[in-house]
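Biologist: Please take me through the reasoning behind a few local features of this model.

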Amino acid sequence: MITKEAITLFKYYLQSNHKQRTIESYRLLLERFEVIFAQKDLETIATDEIFHFLETLTGNMAKSTRRLRYAQLKAFYNFIIDRCSLNMRNPCSTSLLSKSFKAPKQQPHKILDRETVDEMIYNTKRQRDRLILELQARCGLRIGELLKIKGSDVSDRTITLREPKSGKETERAYMPENVSRKLAEYVKEKAINGEDRIFPICYSTARSLIKRLGTKLNVRVAPHDLRRYSATYASRNGVPLEVVSKVILRHQDLKTTQVYLGKISDSEAIRWMDVLHGK
């Protein structure tokens with residue numbers, strides 16, 4: 001099969017089954033691959049050619065990006081081999097490529113403690129900023145989701161999230177009563193209409209805001225740290241993992257949720273054993 005034809009077929013598949021963000025992520029890789037191998041038979045492209053292609057494409061990129069491009073090219077081959085019933089082995093499935101483009105070692109995340117998060121929230125005087133912190137730390141919202149919320153998306157204790165990361169049309173997030181009350185009061189006070197964004201600021205502004213609030217307490221904080229805290233805090237207080245995953249974080253896979261949760265210390269493990277079985 002000619003490479004150009006295979007790429008065209010794969011692009012049709014992406015357009016029919018994936019969001020625009022995923023399609024854009026593949027765009028550069030497919031364009032470069034087509035420029036070099038367009039008229040070459042896909043089955044004749046050797047592993048060392050793919051290695052040199054990926055090295056040229058990703059040489060100065062972060063390890064995570066290098067791994068992503070490798071994984072995308074491997075997915076392209078897997079799709080074409082399966083869809084067209086090609087009698088060939090995926091040339092990306094070799095130890096040379098797997099080791100050269102291996103995923104970076106995940107560093108354990110430092111989880112914020114409750115006292116730090118509460119102090120950040122209580123020390124924040126501006127109502128808008130305080131709500132941003134609470135919606136992330138109490139409800140587990142991603143900052144990107146939070147910034148897109150409109151007045152009409154809020155109904156009592158629930159928030160309808162449009163175009164969430166999962167690829168679904170909508171998802172629902174849930175709020176504690178005190179947070180939902182504060183949010184309703186804020187919407188009313190600011191006369192926010194149904195189609196108005198409640199927090200009309202950009203991501204970089206929100207990130208700088210949270211970083212600045214953390215600096216006041218001598219703590220490095222990014223927006224996602226607050227979402228991670230909400231999951232860990234719930235888990236440590238006995239909320240079932242399924243609820244943490246499906247309700248708070250809205251993950252599709254429990255394995256993804258487990259990556260979020262902080263490492264359990266020996267003292268905490270002993271405390272939970274006592275809770276379960278008595279001292």
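Biologist: Against which helices do the buried residues of helix 1 pack?
Modeller: In this predicted model, the buried residues of helix 1 are Thr3, Ala6, Ile7, Phe10 and Leu14. Contact is counted for heavy atoms within 4.5 Å. On that basis, the partners of these buried residues are helix 2 (20-37) and helix 4 (63-83).

Biologist: Within what arc do the buried residues of helix 1 fall, seen down its axis?
Modeller: Thr3, Ala6, Ile7, Phe10 and Leu14 are the buried residues of helix 1. They line one face of the helix, because their directions, seen down the axis, fall within an arc of 95°.

Biologist: Which residues are exposed on the other side of helix 1?
Modeller: An exposed residue has a relative accessible area over 50%. On the side of helix 1 opposite the buried residues, those exposed are Tyr12, Gln15 and Ser16.

Biologist: How far apart are the end C-alpha atoms of helix 1?
Modeller: Helix 1 comprises 15 residues, 3-17. At 1.5 Å a residue, the expected span is 21 Å. The model agrees with this, as the end C-alpha atoms are 21 Å apart.

Biologist: Is aspartate 156 buried or exposed?
Modeller: Aspartate 156 has a positive phi of about 55°, although it is not a glycine. This residue lies in the loop between strand 1 (154-155) and strand 2 (158-162). Its relative accessible area is 64%, and the cut-off is over 50%, so aspartate 156 is exposed.

Biologist: What is the relative accessibility of asparagine 218?
Modeller: Asparagine 218, also not a glycine, has a positive phi of about 60°. The loop between helix 10 (203-215) and helix 11 (223-236) holds asparagine 218. The residue counts as exposed, at a relative accessibility of 75%.

Terms used
Residues are numbered from 1 along each chain as its sequence is written. This is a predicted model: local features need pLDDT of at least 70, side-chain atom pairs count only at pLDDT 80 or more; totals for chains, interfaces and linings use all residues. Side-chain values use heavy atoms; hydrogens and water are left out. Helices (H or I, at least four residues) and strands (E, at least two) are DSSP runs, numbered from the N terminus. Buried means under 20% relative accessible area, exposed over 50%, partly exposed in between (1.4 Å probe, protein chains only). The expected span of a helix is 1.5 Å times one less than its number of residues. The arc is that of the directions from the helix axis to the C-beta atoms.
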